[in-house]
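The following paragraphs offer a guided reading of a protein model, beginning with its ligand and proceeding to its salt bridges.

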Amino acid sequence: MSLSNGRPYLAIPGPSVLPDRVVQAMMRPSPNIYQGELVDMTATILPDLKSVARTTGHVAIYIANGHGVWEAALSNVLSRGDKILVLVTGRFGHGWAEMARGLHLDLEVMDFGQQASIDLNQVETRLKADTDHSIKAVLAVHVDTSTSIKNDIAGVRQAMDAAGHPAVLMADCIASMGCDRFEMDAWGADVTIAASQKGLMTPAGLGFVWFNEHAAAAREGADLATRYWDWKPRVSPEMFYQHFAGTPPTHHLFALRSALDMINEEGIEQVWARHETLARTVWAAVEAWGQGGEMRLNMADPAGRGHSVTSIHLGGNDADRLRHWCEEHAGVTLGIGLGREPTSAWFRIGHMGHVNAHMVLGTLSVIDAGLKALQIPHGDGALSAATSVVAGV
Ligand SMILES: *Cc1c(COP(=O)(O)O)cnc(C)c1O
């Protein structure tokens, strides 16, 4: 007998759950890529992508994952040897820094550790000291998926403004777009990146770079820009073909259209509110389990926790044991302790995109069963705490 037979559930922080509607949108023959439905539909995707990021700027689409748009963003703004400041609160900040190093940029990494958000005072002090404005760009990850730490992007902009610093502010919103409130224009991000497979509920393979006029001006002097990654023809193509520097990602575009329809129908504010409540549901359960054992949320301060993923510590190799139990015995796959030492002591729950209360409560119930089955010490009342959040009482 196995209790895992039934629809499997991937509760990892990307790729996220694909809505049936999105999968169905892809079930079609290859379309004409020169005229007709695909071309007309792509034109409708661009304004919707801008509204999801809350910007009136430009958006370029790449056939790429997050790593691809990390590189796209850097190469359109910077020149070989330029100095950049990278603000790191987890594995993904380091990952972006590594991409920058590969492009022969001159990096300064400010590492705030794995249990605190970016310290805005330190950023302001550092930028004030850069009196000749040698720093050309400031990189920050909005929600770092390894630590589930959320950073205050508007606050980074304020620190830059307080220092009178003209650098380009780049935000990695790969784990937060369509999950956590993000206001590109109001918050003052010059470049924003995201990928399709997380809050945007589309298979991995599309990357997005939004940019404003400040970043567009930086593009003019950027010698790292290459033909394929250049965002200029992608945002103002003379022929449809140039949107994607070649054959368009036909089926992904139909999938994305359908995912954006779902976001529009729900309303972005409601999408953000749903993620916020589901995140609080997860936190309530983890806090209750922690009352009688080793389990604890990585990020102590709720204001610094992302709403799309939760990083959890569970001592010894219990996190690994629990993940295996949940997958083998109940059909739920939890996220690995990416970037943590030892990884066997950490796990993550992804709650991004097409996720509702029953999916989160189901996952939490399975974890509760796993803790019992494996005799891992834990506090009582986690499921009751979680359902109270869902019930709104
Ligand atoms: C997933 C993720 C990435 C990397 O994206 P890939 O598509 O795996 O290349 C980068 N940054 C953040 C914050 C992410 O969550």
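In this predicted model, a nitrogen atom of the ligand is placed 2.7 Å from an N or O atom in the side chain of D172. Oxygen atoms of the ligand also have polar partners: one is 2.3 Å from an N or O atom in the side chain of T145, and a polar side-chain atom of Q197 lies 2.7 Å from an oxygen atom of the ligand. Of the 390 Å² of accessible area that the ligand has on its own, the protein covers 90%.

The shell around the ligand comprises six nonpolar, five polar and two charged residues. Helix α3 (residues 66–77) is its greatest contributor, supplying three residues. Among the 13 residues around the ligand, those that come nearest are G66, H67, T145, Q197 and K198.

Beyond the ligand, the structure holds 24 salt bridges. One of them pairs the side chains of K83 and E108 at 3.1 Å, N to O. Because K83 belongs to strand β3 (residues 83–88) and E108 to strand β4 (residues 106–111), this pair ties together parts that are 25 residues apart in sequence. K83 is buried, its relative accessible area being 19%.

A salt bridge of 2.7 Å, N to O, joins the side chains of K150 and D180. This pair links distant parts of the chain, with K150 in strand β7 (residues 149–150) and D180 in the loop between β8 (168–172) and α7 (184–187), 30 residues apart. Both K150 and D180 are buried.

Within helix α12 (residues 318–330), R323 and D320 are three residues apart and therefore separated by about one helical turn. Their salt bridge brings the closest N and O atoms to 2.8 Å. R323 is buried, at 14% relative accessible area, whereas D320 is partly exposed, at 22%. Elsewhere, R54, R181, E183 and E269 are joined into one network by salt bridges that share partners.

Methods: Residues are numbered from 1 along each chain as its sequence is written. This is a predicted model: local features need pLDDT of at least 70, side-chain atom pairs count only at pLDDT 80 or more; totals for chains, interfaces and linings use all residues. Side-chain values use heavy atoms; hydrogens and water are left out. A residue is near a molecule or strand if one of its heavy atoms lies within 4 Å of it. A polar contact is a pair of N or O atoms within 3.5 Å; within protein, one must be able to donate a hydrogen and the other to accept it, and residues adjacent in sequence count only if both atoms are side-chain atoms. Accessible areas come from the Shrake-Rupley method with a 1.4 Å probe; for residues, only the protein chains shown count as cover. Helices (H or I, at least four residues) and strands (E, at least two) are DSSP runs, numbered from the N terminus. Ala, Val, Leu, Ile, Met, Phe, Trp, Tyr, Cys and Pro count as nonpolar, Asp, Glu, Lys and Arg as charged, and the others, Gly among them, as polar. A salt bridge is a side-chain nitrogen of Lys or Arg within 4 Å of a carboxyl oxygen of Asp or Glu. Buried means under 20% relative accessible area, exposed over 50%, partly exposed in between (1.4 Å probe, protein chains only).
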